[in-house]
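Here is a short report on the empty spaces inside a protein, and on a few residues worth locating. Keep the viewer open as you read.

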Amino acid sequence: MNIFHPNRYLSPFQSIILGFAAVIMLGGFMLCLPAASANGESAPLIDAMFTSTSAVCVTGLVVRDTATSWSPLGQAIILLLIQIGGLGVVTVAGAFTVLSGRKINLLQRSTMQEAIAAPKMGGVVKLILLIIKITLLIELLGATILAPSLCSEFGPGKGLWYSLFHSVSAFCNAGFDLMGIKAHYSSLTSYSASPLINITVMLLIITGGMGFLTWKDIFSNKLCIRKYHMQSKVILITTALLIIIPAAFFFFFEFNSYPLSERILLSLFQAVTPRTAGFNTADIAAMKESSRGIIIFLMLIGGSPGSTAGGMKTTTLAVLMLSALAVFRRREAPSCFDRRLSNDAVIHAVAILMMYIILFFTTGIAISTIEGLPASICLFETASAIGTVGLTLGITPSLGTVSRLILMALMFLGRVGGLTIIYAALSTGQGNTAKLPQEHITIG
């Protein structure tokens with residue numbers, strides 16, 4: 001399926017959705033190949049499709065341990081799916097179209113604009129090529145930093161492969177790891193005291209989750225913060241707060257029995273990774289209920305628009321908080337950095353919040369009912385799926401087919417975006433500009 005030569009009635013939103021669905025299906029069938037499995041036998045279709053969905057949607061929830069269940073070919077397929085999913089199907093297709101020398105028409109540019117959340121259509125092709133270059137550069141840099149440590153542990157060949165795999169997985173906020181050779185589903189728990197591994201992976205996660213437009217703003221204006229766009233300022237401040245505040249909580253109330261240096265690393269890593277990365281250096285299941293509640297909140301928030309991360313996005317949280325502040329201060333409209341936020345932004349933020357909360361809660365209750373498991377555990381898994389995070393309390397591999405299909409649907413919705421699906425479904429409808437009579441309703 002070529003998403004850049006769609007039917008003339010296909011909207012940009014529909015192209016994005018169908019593009020992701022096509023890559024998931026193709027990846028699932030490729031993972032069904034006997035050569036993709038470590039034991040040389042074809043993986044069950046539901047396992048392959050779940051893994052492909054998780055990789056393309058950069059989630060990291062798995063029903064098979066990546067290191068021990070998949071062959072080197074299978075792992076390479078998963079890494080390719082992660083890379084495509086992290087950059088976005090449309091971004092990758094656009095880059096190949098440009099490199100092949102073909103012209104990109106107006107509809108294709110519009111699709112690319114929607115895919116990367118660009119503010120305007122002008123310059124979107126150059127921006128996509130810049131995104132590809134920056135991504136490859138950062139991933140190679142991350143792999144280079146990780147290589148000495150992993151090569152000394154696993155040997156040159158496997159060490160270089162592990163360095164590249166984890167660098168791409170971290171930057172794309174995917175959370176897939178190859179450390180199952182130590183213990184199944186162990187993630188990075190054996191490196192909880194390693195500053196090099198922790199800091200490198202955290203920086204890759206933050207870099208990938210900040211959003212390409214924010215980094216473009218930083219590269220263009222350097223340290224002259226007053227020249228940044230309002231959105232970039234909001235993203236930087238919100239991201240910092242969502243790291244500092246949870247890390248402080250974990251430091252004082254969760255990991256106080258560890259040595260100081262490891263305690264700092266554990267606290268910071270568990271504050272960074274729920275913002276859709278999915279790696280963990282601590283046993284999440286052993287953490288306190290209060291800490292897991294904070295992680296659920298962070299998973300639902302996710303990263304920033306136009307990034308490799310999923311979730312409701314940091315800007316959604318910021319708009320909701322600013323709207324509440326405006327109500328408390330009896331202001332007509334929310335504002336930030338001497339700029340007034342549009343009414344559309346507030347309405348969209350509220351719609352996204354309600355969509356995520358309803359889906360997170362109802363699907364969690366559904367899985368709890370189907371599987372006979374505690375609701376709190378199932379809600380953690382559904383938050384991880386819809387936030388495209390990948391953190392788990394260990395129940396995902398044992399779930400039945402129906403519950404897996406529910407998680408797959410949540411991962412897909414969390415990656416392409418709830419509003420994208422709604423706009424795709426309603427793209428043929430004509431907007432009604434007529435205004436109905438206004439009526440007062442009491443709130444609060």
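Start with the second largest cavity. Sorted by class, its lining has eight nonpolar, one polar and one charged residues. The residues are L127, L130, I131, I134, I138, F171, T207, F212, W215 and K216. By the class cut, K216 is the charged one, because Lys counts as charged. T207 is the polar one, because Thr falls among the others, which count as polar. This is a predicted model, so the spaces described here are those of a prediction.

**Where the walls come from**

Two helices each supply at least two residues of this lining: α7 (124–154) and α10 (212–221). The largest share comes from α7, with five residues. The volume of this second largest cavity is about 60 Å³.

How many cavities of 30 Å³ or more does the structure hold? It holds three. In the largest, the space is about 80 Å³. The elements giving two or more residues to the lining of that largest cavity are α9 (195–210) and α11 (230–253). The top contributor is α9, with four residues. The full lining is N173, I205, I206, G209, M210, T239, I243, V272, R275 and G303. By class, that makes five nonpolar, four polar and one charged residues. R275 is the charged member, because Arg belongs to the charged class. G209 and G303 go with the polar residues, because Gly is placed in that class.

**An open space**

Pockets are listed apart from cavities. The second largest pocket has about 410 Å³ of space. It is lined by 24 residues, and the closest to its centre are Y185, S186, S187, N280 and T392. Its lining has nine nonpolar, twelve polar and three charged residues.

The table sets the three spaces side by side.

| Space | Volume | Lining by class |
|---|---|---|
| Largest cavity | about 80 Å³ | five nonpolar, four polar, one charged |
| Second largest cavity | about 60 Å³ | eight nonpolar, one polar, one charged |
| Second largest pocket | about 410 Å³ | nine nonpolar, twelve polar, three charged |

**One histidine**

H166 sits in helix α8 (residues 156–171). Is H166 buried or exposed? Its relative accessibility is 3%, so H166 counts as buried, the limit being under 20%. Leaving out residues up to four places away in sequence, H166 touches L146, F176, D177, L178, M179, L188 and F279. F279 lies 113 residues from H166 along the chain, yet their C-alpha atoms are separated by 9.8 Å.

**Cysteines**

How many disulfides does a search of the whole structure find? The count is zero. Two cysteines can be placed by exposure. C224 has a relative accessible area of 25%, so it is partly exposed. C336, at 12%, is buried, because the value is under 20%.

**The whole protein**

The secondary structure comes to 18 helices and two strands. The protein has 444 residues, and 55% of them count as buried. Take the contacts between residues at least 6 apart in sequence: 68% of these join residues at least 24 apart. The accessible surface is about 20500 Å². Carbon and sulfur atoms account for 67% of that surface.

Notes. Residues numbered from 1 in each chain as written. Predicted model: local features only at pLDDT ≥ 70, side-chain atom pairs only at ≥ 80, totals over all residues. Heavy atoms only, no water. 1 Å grid on protein atoms, 1.4 Å probe; cavity = no way out; pocket = protein on both sides within 12 Å on 5 of 7 lines; lining within 4 Å. Points joined across faces, edges and corners; volume = space filled by probe spheres on them. Disulfide = S-S within 2.5 Å. Buried < 20%, exposed > 50% of the residue type's maximum accessible area, 1.4 Å probe, protein only. Contact = heavy atoms within 4.5 Å. Areas by Shrake-Rupley, 256 points an atom, 1.4 Å probe, with all protein chains shown as cover.
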